Amino acid sequence: MATKIINKTVTEFSLRITRCFFVPSKTIQTNATLFQERLETSITNVEEQLPTTIRPPLPIIHSRKLAFPPKFKAPRQVWVSNMDTVEEEKLGLIDLHPEVFAERPRVDIIHENVRWQQLYRHVSYANTKMRYEVRGGGKKPRQQKGSGRSRHGSIRSPIWRGGGIVHGPRSPTPYFYMLGFNTRLNGLRSTLSAKLAQDDLHIVDSLDIPTDDPSYLEKLVEERGWGPAVLFVDDNDIMPLNITAASDSYGHYNLMPVYGLNVYSMLKHHTLVLTLAAVERLEERLLFHLNRNDAASAGQKYRLDSV
Amino acid sequence: MASVAARSFVFRQQMNTRRFDFASCLKIKSFYSSYSANPKEKSPENYTQYHEVSSDNWKFVERLKPPTVVPSFPKNGSCFSDWTPPPDTPPNLPYFVKRTKNFMVPVYLNFEAVRNQRKITMVKHIEGDIWALEKAIKSHLEEVTKRQVVSQVHEVAMYIKFRGDYVLHVKKWLLNAGF
């Protein structure tokens, strides 16, 4: 099983990373060579015993310095787990910033975000023909006067049966719009807070797993009671080889870099698993935008004389 | 007259120097905006020399740049404006009104777009028992203005609106309450 992985090039895998990012083959080979090196020293066949992980005395992760320390709101404390073994091992306890992870969830903002994410790329291809597009109707049906019947100019006018539609759908109709920056920002805060409050948020030290066998991942998720669908989020967009291979055959285990985190994906997956690096990056970015004072110029329309 | 002649002479010189031949035109037309079109970097001898004056002087440049985040205020010392810093301990009340990122009290004056423009006083960043806060502020405003005050409590977005311009009254009340 393991040898097959070495012989295959990684590009042959359909890397099912949500919103598939172009991963240059150069960087994938680096991961593959690293894996090859590690294989010589470790056992990766699932039937054989997995290597016992040797760790320094716990807790490994003691504390975390919060940027923009909260004054009156207590930071939320979360366990940091491992991905080395199927059984959960708690490596330590960290603080999460309450302004990011303990905000009052605004359901209306979450709804706005989901609606925006679904609609902004929607293009309606429905089409109806106008009176000049419907076949025929160029000739005046009958003389203006004398027949005793109503007057008409074309058999395809909208009042006629089979005539053109006046205000019907016109293909293609885009529904693109940009939701305000702060609405999107608060959507992320609300969703993260809701996930944490509902015990659907878990922190792990890293996404390195000992084997690329898909059943390892499945057993791990089942053992820990994580939801049917799990979203793994890391800071880097090139994920470790093992977890990429293991999650490839499952549509409901998805890998995502921090910059791809969005409200819709968080709601679609039952459980959200963040790495420590992802938590750092997420907090740094969100708190920066919450506390910055120069956003007015950044949010304006582009001007030629702007610096 | 002489100055005009001098100017025309200078202009003619400029005109002469501006006449290009076809080959030089081709050379000029290079697109340096793309990485691949740029000539490769040569050894340092091919470029003009430079020497670093002082890296200590960078602080004079840095202090000209505006800060991205409002700097923290000095704990002691009075302000010439009537701004007071937020307290270190929260008041013992069932509600809390958080300061903005610029350490200001979150009371705003809005104008509603109705026929006769309506002034609305809005209090944001409320946490806790919003109804108790609304009751407290409303009773204070009615006492001060001797008028009935109409209010709106938005529980989802956590703000309170009062119909009328009571910004200064509300701000004063909040500062006295210890927010």
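**Briefing: a sheet in chain B and a helix pair in chain A**

Chain B of this predicted model holds an open sheet of 4 strands in the order E2-E3-E6-E5, with antiparallel pairing. Strands pair if DSSP finds at least two bridges between them. Strands (E, at least two residues) and helices (H or I, at least four) are DSSP runs, numbered from the N terminus.

**Sheet in chain B**
- Strands E2 (107-112) and E5 (151-154) of chain B are the edges, each pairing on one side only.
- From one strand to the next, the twist averages 25°.
- E3 (residues 118-123) and E6 (residues 159-163) of chain B pair antiparallel over 4 bridges.
- B:Met122 has B:Lys161 in E6(B) as its bridge partner.

**Helices on the sheet**
- Helix H4 (residues 130-145) of chain B lies across E5 and E6 of chain B, at about 25° to E6(B).
- Helix H5 (residues 167-177) of chain B lies across E2 and E3 of chain B, at about 155° to E2(B).
- Angles run from 0 to 180 degrees between N-to-C directions; axes are lines fitted to C-alpha atoms, for helices over the stretch in contact.

**Helix pair in chain A**
- H4 (residues 107-119) and H5 (residues 181-197) of chain A pack at about 115°, with axes 8 Å apart.
- H4(A) and H5(A) are therefore roughly perpendicular (65 to 115 degrees).
- Contact (heavy atoms within 4.5 Å) involves A:Trp116 among others in H4(A), and A:Arg184 among others in H5(A).

**Basis**
- Residues are numbered from 1 along each chain as its sequence is written, and chains are lettered from A and ligands numbered from 1 in the order written.
- Local features need pLDDT of at least 70, side-chain atom pairs count only at pLDDT 80 or more, and totals for chains, interfaces and linings use all residues; side-chain values use heavy atoms, without hydrogens and water.

Key: Parallel < 35°, antiparallel > 145°, perpendicular 65-115°, else oblique.
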